[in-house]
Amino acid sequence: MLDVLRSGRLSLGPAIDRFEELFAERVGAPYAAAVSSGTAGLHLLCAIAGLQTGDEVITSPYSFVASANCFIYEGATPVFADVDERTMNLDPAAVEATITERTKAIVAVDIFGYPCELDPLRELCTRHGLALIQDACEALGTEYRGRIVGSHGVDAVFAFYPNKQMTTGEGGMVTTHDEETWRRLVSLRNQGRADGGGWLEHARLGYNYRIDDIRAALGIGQLEKLDTILSLRQAAAMRYGELLAEVDGLEPPLADDADHVRSWFVYVVTLARGTDRERVIAELERQGIATSRYLPSIHLQAYMRERYGFSEGLCPVSEDLSQRTLALPFFTAIETEDQARVAEALAAALRR
Ligand SMILES: Cc1ncc(COP(=O)(O)O)c(C=O)c1O
């Protein structure tokens with residue numbers, strides 16, 4: 001970062017190119033375009049998919065709002081398909097049931113770093129002529145069917161907000177296997193400037209979704225540490241698993257299997273039905289332990305209800321999870337003793 005500051009090239013410089021090269025290599029994609037946030041990256045892929053007013057896009061209700069907002073910016077209408085209770089990701093059968101002749105794309109999310117059902121979703125997209133956008137903002141390092149997310153040929157977006165596996169402060173990355181998509185990404189993030197064109201020549205309507213070289217340098221530093229970061233997070237998650245194994249009244253996050261290997265973004269437990277989650281949260285808070293209601297269902301957010309008339313009952317699995325899931329304190333450098341204190345306090349709160 002100091003080298004960048006001293007170089008005088010604070011944006012549109014070589015640190016961005018290097019960050020993109022290293023990132024693309026890390027996730028097994030031929031092309032990567034760094035952007036100002038995960039949301040910006042998702043929006044650009046929606047613009048490139050040519051989404052328009054009246055088009056429908058199917059996505060997950062159990063996610064962070066950006067995965068649904070990204071195509072609303074282009075005028076498309078959200079269609080929420082319910083999630084699988086185990087994986088908390090889009091259920092391909094529910095997706096198929098919501099396809100109409102207006103459907104143009106699917107935005108699939110790897111929620112909490114657990115991979116979505118990419119192959120069945122891709123098969124649906126091929127059969128119905130839909131674009132597939134993978135929101136991998138929480139999933140750097142996740143593996144699906146033996147390969148890292150980013151390498152499967154699907155356009156994917158990663159995010160680097162400070163709570164993510166690696167951070168650039170704010171920032172994101174789009175990976176693609178298609179050169180033309182990459183060229184469009186690079187142009188659209190930079191005010192629609194064309195390759196080789198002048199500074200004040202704009203080939204298309206674009207945005208300022210650039211990252212700068214200072215943050216790109218931070219990203220390079222984070223990539224150098226990524227293996228260590230991911231293994232520390234994995235170890236912390238395993239520790240919670242051991243500490244909570246004997247605790248009644250909660251389900252731990254879904255374990256990996258041969259096709260699904262999670263990269264640890266958050267540690268979310270599911271409380272038994274009938275548990276008063278607010279009381280548990282309050283009891284932990286009294287002991288100085290912050291937890292979070294991860295995640296509310298997107299279709300029930302105030303602006304979604306107002307704009308589209310969505311209400312309870314649309315996606316029962318997601319809505320049920322939204323009432324019962326709880327994110328525990330979780331970050332790369334969390335200490336074993338702190339995790340033990342969280343587990344003890346949670347167990348005590350659930351016994352009462
Ligand atoms: C699933 C998901 N999608 C999109 C985003 C948006 O990323 P950003 O905050 O970088 O815009 C995030 C992270 O906040 C996320 O968790």
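Biologist: Where does Leu10 lie?
Modeller: Leu10 sits in the loop that links α1 (2-7) and α2 (14-27); helices are DSSP runs of H or I with at least four residues, numbered from the N terminus. This is a predicted model, where local features need pLDDT of at least 70, side-chain atom pairs count only at pLDDT 80 or more, and totals for chains, interfaces and linings use all residues. Residues are numbered from 1 along each chain as its sequence is written, and side-chain values use heavy atoms, with hydrogens and water left out.

Biologist: Is Leu10 buried or exposed?
Modeller: In between: Leu10 is partly exposed, at a relative accessible area of 37%. Buried means under 20%, exposed over 50%, and partly exposed in between (1.4 Å probe, protein chains only).

Biologist: Okay, new topic. How many disulfides does a search of the whole structure find?
Modeller: Zero, taking a disulfide as two cysteine sulfur atoms within 2.5 Å. For Cys137, the nearest cysteine sulfur is that of Cys70, 9.0 Å away. Cys315 is in no disulfide either, and its nearest cysteine sulfur, also that of Cys70, is 16 Å away.

Biologist: And is Cys315 buried or exposed?
Modeller: Buried, with 0% relative accessibility. Cys137 is buried as well, at 11%.

Biologist: Last one: which helix holds Arg324?
Modeller: Arg324 is in α11 (residues 316-324), and it counts as buried at 7% relative accessibility.

Biologist: Which residues does Arg324 touch?
Modeller: Leaving out residues up to four places away in sequence, its contacts include Glu85, Val269 and Arg277, where contact means heavy atoms within 4.5 Å. Leu271 is also one of them, and its backbone oxygen lies 2.8 Å from a polar atom of the Arg324 side chain.

How values were computed: Helices (H or I, at least four residues) and strands (E, at least two) are DSSP runs, numbered from the N terminus. A polar contact is a pair of N or O atoms within 3.5 Å; within protein, one must be able to donate a hydrogen and the other to accept it, and residues adjacent in sequence count only if both atoms are side-chain atoms.
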